[in-house]
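Open the model in your viewer and keep the selection tool at hand. Could you take me through what is worth selecting, stop by stop?

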Amino acid sequence: MSRFLAEKYQSLVAYTPGEQPTDMKYIKLNTNESPFPPSEGVIRAISKERVEELRLYSDPTCGVLREKIAKQFGVEKANVFVSNGSDDILNFSFMAFCDGSHTGVAFPEISYGFYSVYADLHRVDAKKIPLTKDFRVDYTDYLNVGRTVVIANPNAPTGIALSVREIEEIVKSNPDHVVLIDEAYVDFGAESALRLTEKYENLLVVRTFSKSYSLAGARLGFAIGHTSLIADLEKIKYSTNPYNINRLSLLAGAAAMDESDYYMENCKKIQENRAYTTDALRKLGFSVLPSSANFIFAKSDAIGGEELYLELKKRGILVRHFSTELIRDYNRITVGTIKEMQTLVETVRTILAEKTSD
Ligand code: PMP
């Protein structure tokens, strides 16, 4: 830290992203990326001519992409906001819809780590609501909470989802606060709250192209909600960085929307591979939470969470371990191809066997 850093940021603890090591080729099951490549149309869209156009600024209104997203989800373009990854939208939402002096935020104590970081960054009072003993979000904890509500559905890193009926109860009971539902993983088996955005002006649904649409490196996220919420987000975007999505990512996103069938097929494969991995790990004695996402959260009584993470890493498999007390026994394992998952299961089997023969 330099002596110039603003005082308000001196105690900020930044988010720690999952490792992206370059020392060797790993089976990468640590950051919930898709194991499948982007669709053919995305690859065709990034042509030489388009690359040459990088000398020009990108379209700040993101018109084509917003139009495609609107059509895909049956809403108007004015209901759609796009930005540089859904992290950007979460950041903007904390700026727009929370206010340190009178509107704090509520989110689950165990959830996406960035929520806490954004709350600290923007000096918003955060109420972190514990999960139930079996790691569920209890929707009744969020009724009439009188704060902006942020919930990942399915939740991360647990993978457990709320029903739309439960989400509607939360939205209904907090009419004077925004309820942000972060649906980063919804395509892998949870129910989307999108249709409720027509009915409730205080609901914002946030999505990403990073997981189900195989475009984590393009950095694209979108939000759907009432036109006035979208206008608020636009205001923040135009007050920070109007060209925050580059030309190539705009093209990639638009092409991906045209090929949703390909991506939804991939999501089905991930669900099959998730079922295989859950079953195989349970047979090896693991407790595995019931996941509706493209990852599973698992622990074994035979080996500590950190030890398993390190043993897997030594053998070329990366998973995500969190050292937070409540979840330190677990690892979050992204669901990859069936071959990757078979290798994972066999490697875990070997590690456990070596441990018992010690
Ligand atoms: N929300 C959740 C729950 C996540 O796990 C992630 C991925 N780390 C994000 C949002 C952000 O995704 P992105 O910025 O790649 O759209």
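Here is a tour that starts at the ligand and then moves through helices and loops. Keep in mind along the way that this is a predicted model.

**Stop 1: the ligand**

Select the ligand to begin; it sits in the largest pocket. Now show the residues around it: Gly85, Ser86, Asp87, Tyr112, Asp182, Ala184, Tyr185, Thr208, Ser210, Lys211 and Arg219. Three of these are good places to draw distances to ligand oxygen atoms. From Ser86 the partner is a backbone N or O atom, 2.7 Å from an oxygen of the ligand. Thr208 brings a polar side-chain atom to 2.5 Å from a ligand oxygen, and Ser210 does so at 2.6 Å, again with a polar atom of its side chain. How much of the ligand's surface does the protein bury? Taken alone, the ligand exposes 410 Å², and the protein buries 91% of that.

**Stop 2: helix α4 and Ile89**

Ser86, which you have just seen beside the ligand, is also where helix α4 (86-97) begins. Step along this helix to Ile89. Buried or exposed? Ile89 has a relative accessible area of 0%, so it counts as buried. Show its contacts beyond four places in sequence and you will find Phe81, Ser83, Val206, Gly221, Phe222, Ala223 and Leu233. For a distance across the chain, pick the C-alpha atoms of Ile89 and Ile236: they are 147 residues apart along the chain and separated by 9.9 Å.

**Stop 3: helix α5**

Next, select residues 114-121, which form helix α5. Its buried residues are Phe114, Tyr115, Val117, Tyr118 and Ala119. What do they pack against? Their partners are α4, β3 (105-108), β4 (126-129), β5 and β6 (179-182). Just past the end of α5, pause at Arg123, where phi is positive at about 55 degrees.

**Stop 4: the loop between β4 and β5**

Two residues deserve a click here. One is Phe135, which lies in the loop between β4 and β5. Its phi is near 70 degrees, a positive value in a residue that is not glycine. Most residues other than glycine have a negative phi. Phe135 has a relative accessibility of 15%; buried means under 20%, so Phe135 counts as buried.

The other is Leu131, in the loop between β4 and β5. Leu131 is also buried, at 15% relative accessibility. Leaving out residues up to four places away in sequence, Leu131 touches Pro108, Ile110, Arg136, Val137, Asn155 and Thr158. Draw a line from Leu131 to Asp99 as well: these two are 32 residues apart in sequence, and their C-alpha atoms are 25 Å apart.

**Stop 5: the loop between β5 and α6**

Follow the contact from Leu131 to Asn155. Asn155 belongs to the loop between β5 (148-152) and α6 (164-173). With a relative accessible area of 1%, Asn155 is buried. What does its side chain reach? A polar atom of the Asn155 side chain lies 3.0 Å from the backbone oxygen of Ile110. Beyond four places in sequence, Asn155 touches Pro108, Ile110, Ser111, Leu131, Val137, Ile160 and Phe295.

While you are in this loop, look at two peptide bonds. The bond from Asn153 to Pro154 is cis, with omega near 0 degrees, and Pro154 lies in the loop between β5 and α6. Another cis bond joins Ala156 and Pro157, with omega about 5 degrees; Pro157 lies in that loop too. Most peptide bonds are trans.

**Stop 6: Ser214**

Jump ahead to the loop between β7 (203-208) and β8 (221-225), where you will find Ser214. Although Ser214 is not a glycine, its phi is positive, at about 50 degrees. Its relative accessibility is 11%, so Ser214 counts as buried.

**Stop 7: Thr278 in helix α9**

Finish in helix α9 (residues 260-283), selecting Thr278. Thr278 is buried, with 12% relative accessibility. Where does its side chain make a polar contact? Look back along the chain to Arg274, whose backbone oxygen lies 2.7 Å from a polar atom of the Thr278 side chain. Setting aside neighbours within four places in sequence, Thr278 is in contact with Val288 and Ile296.

Note on methods: Residues are numbered from 1 along each chain as its sequence is written. This is a predicted model: local features need pLDDT of at least 70, side-chain atom pairs count only at pLDDT 80 or more; totals for chains, interfaces and linings use all residues. Side-chain values use heavy atoms; hydrogens and water are left out. Helices (H or I, at least four residues) and strands (E, at least two) are DSSP runs, numbered from the N terminus. Buried means under 20% relative accessible area, exposed over 50%, partly exposed in between (1.4 Å probe, protein chains only). A polar contact is a pair of N or O atoms within 3.5 Å; within protein, one must be able to donate a hydrogen and the other to accept it, and residues adjacent in sequence count only if both atoms are side-chain atoms. Contact means heavy atoms within 4.5 Å. A residue is near a molecule or strand if one of its heavy atoms lies within 4 Å of it. Accessible areas come from the Shrake-Rupley method with a 1.4 Å probe; for residues, only the protein chains shown count as cover. On a 1 Å grid over the protein atoms alone, a cavity is a set of points where a 1.4 Å probe fits but cannot get out, and a pocket is an open set with protein on both sides within 12 Å along at least five of seven lines; lining residues have an atom within 4 Å of a point. A molecule sits in a cavity or pocket if more than half of its atoms lie within 2 Å of its grid points.
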